[in-house]
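This report goes through the strands, the helices and the ligand surroundings of the structure shown below.

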Amino acid sequence: MTDPIGLPDRDPADIPEFDHARAEAAVRELLAAMGEDVTREGLHDTPARVARAYAELTQGLRQRPEDVLTTTFDLGHDEMVLVKDIELWSMCEHHLVPFHGVAHVGYIPSATGKITGLSKMARLVDVYSRRPQVQERLTTQIAEAMVEILEARGVIVVIEAEHLCMTMRGVRKAGARTITSAVRGQMRDAATRSEAMALIMNHPR
Ligand SMILES: Nc1nc2c(ncn2[C@@H]2O[C@H](COP(=O)(O)OP(=O)(O)OP(=O)(O)O)[C@@H](O)[C@H]2O)c(=O)[nH]1
Ligand SMILES: [Zn+2]
């Protein structure tokens, strides 16, 4: 699969194991750069903890979308399926701080009615969220994977997220939400798209 936003899509098999020793050394350096005393008791296990946390937060780099979208049934269903409000936590690749929000993923199955388990759509969101990301790429990657793996005739992905790099630092605009969408195939038809958007936006908030 090609990455729509500039990155060659790396095969997870080509990505080396998370290098814990290297990450620990880097965290120790970062603490030292802050002026912290890296030998003080409270920080003793911090480099190892942070390394483990980042290994977890970036585990999507080592996962393939096709491995999570495996369960397909052939029900001959050819109407829209939409899973709303899938919680997501990702990490902005500019500042390595979180952005979080929800993803809404809808599709119209292939002509043969190939559908996937609903939880698999949420797993797909995780695969792409647990990487250093920008919201636009995250949105497009989810849509492309749905098209390519499920051969979906139409796909819509809408992500609403708050970026902590805009909230806890920088411009400090708490509550500002960024909305991105990616629409493919039959979901581009005006009527279908507006039906999907109405279902997505009509959430009780
Ligand atoms: N398009 C896009 N921008 C993002 C995303 N996450 C963070 N950013 C932005 O990336 C930009 C990086 O801008 P720079 O000027 O290089 O960095 P900076 O000096 O830290 O910028 P400020 O955040 O404005 O302080 C900022 O405007 C962020 O808001 C994202 O998912 N998509
Ligand atoms: Zn950021």
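## The S2-S3 hairpin

In this predicted model, strand S2 (residues 81-92) and strand S3 (residues 98-108) run antiparallel and are joined by 9 bridges. One residue pair in this ladder is Met91 of S2 with Pro98, its bridge partner in S3. The two strands form a hairpin with 5 residues between them.

Leu96 is found in the loop between S2 and S3. Its phi is near 55°, a positive value in a residue other than glycine. Leu96 is exposed, because 12 other C-beta atoms lie within 10 Å and a residue with 12 or fewer counts as exposed. Asp85 also has a phi near 55°, again positive in a residue other than glycine, but Asp85 lies in strand S2. Is Asp85 buried, exposed or partly exposed? With 14 other C-beta atoms within 10 Å, Asp85 is partly exposed.

## The sheet

The hairpin belongs to an open sheet of 5 strands in the order S5-S2-S3-S6-S7, with mixed pairing. Strands S5 and S7 (178-185) stand at the edges; each has a single partner strand, so one side of each is left without a neighbour in the sheet.

What joins S2 to S5? There are 2 bridges between S2 and strand S5 (residues 132-133), and these strands run parallel. Cys92 has Gln133 as its bridge partner in S5. On the other pairing of S3, 10 bridges connect S3 to strand S6 (residues 154-163), and the two run antiparallel. Within this pairing, Gly106 stands opposite Ile156 in S6.

## Surroundings of ligand 1

Which residues surround ligand 1? They are Cys92, His94, Val134, Gln135, Glu136, His163, Cys165, Met166, Gly170 and Val171. Helix H5 (135-150) and helix H6 (164-167) are the elements that give two or more residues to this shell. By residue class, the shell divides into 5 nonpolar, 4 polar and 1 charged.

Two shell residues can be placed using the strand description: Cys92, part of the shell, is the bridge partner of Gln133, and His163, also in the shell, falls within the range of strand S6, residues 154-163.

## Helix H5 and Arg137

Helix H5, a contributor to the ligand shell, also contains Arg137. Arg137 counts as buried because it has 20 C-beta neighbours inside 10 Å, and the cut-off for a buried residue is 20 or more. Arg137 and Thr180 are 43 residues apart along the chain, and their C-alpha atoms are separated by 9.6 Å. Thr180 falls within the range of the edge strand S7 (178-185).

## Helix packing

Helix H4 (residues 118-129) packs against H5 at an angle of about 135°, with the axes 10 Å apart. That angle makes H4 oblique to H5, because only angles over 145 degrees count as roughly antiparallel. The crossing of H4 and H5 is right-handed.

Helix H1 (residues 20-34) and helix H2 (residues 46-57) pack at an angle of about 120°, and their axes are 8 Å apart. H1 is therefore oblique to H2. The roughly perpendicular class ends at 115 degrees. H1 passes H2 in a right-handed crossing.

How values were computed. Residues are numbered from 1 along each chain as its sequence is written. Chains are lettered from A and ligands numbered from 1 in the order in which they are written. This is a predicted model: local features need pLDDT of at least 70, side-chain atom pairs count only at pLDDT 80 or more; totals for chains, interfaces and linings use all residues. Two strands pair if DSSP finds at least two bridges between them. Helices (H or I, at least four residues) and strands (E, at least two) are DSSP runs, numbered from the N terminus. A residue is near a molecule or strand if its C-beta atom, placed from the backbone, lies within 6 Å of it. Ala, Val, Leu, Ile, Met, Phe, Trp, Tyr, Cys and Pro count as nonpolar, Asp, Glu, Lys and Arg as charged, and the others, Gly among them, as polar. Axes are lines fitted to C-alpha atoms, for helices over the stretch in contact, and angles run from 0 to 180 degrees between N-to-C directions. Angles under 35 degrees count as roughly parallel, over 145 as roughly antiparallel, 65 to 115 as roughly perpendicular and the rest as oblique. A crossing is left-handed if the near helix is turned anticlockwise from the far one by less than a right angle, and right-handed if clockwise.
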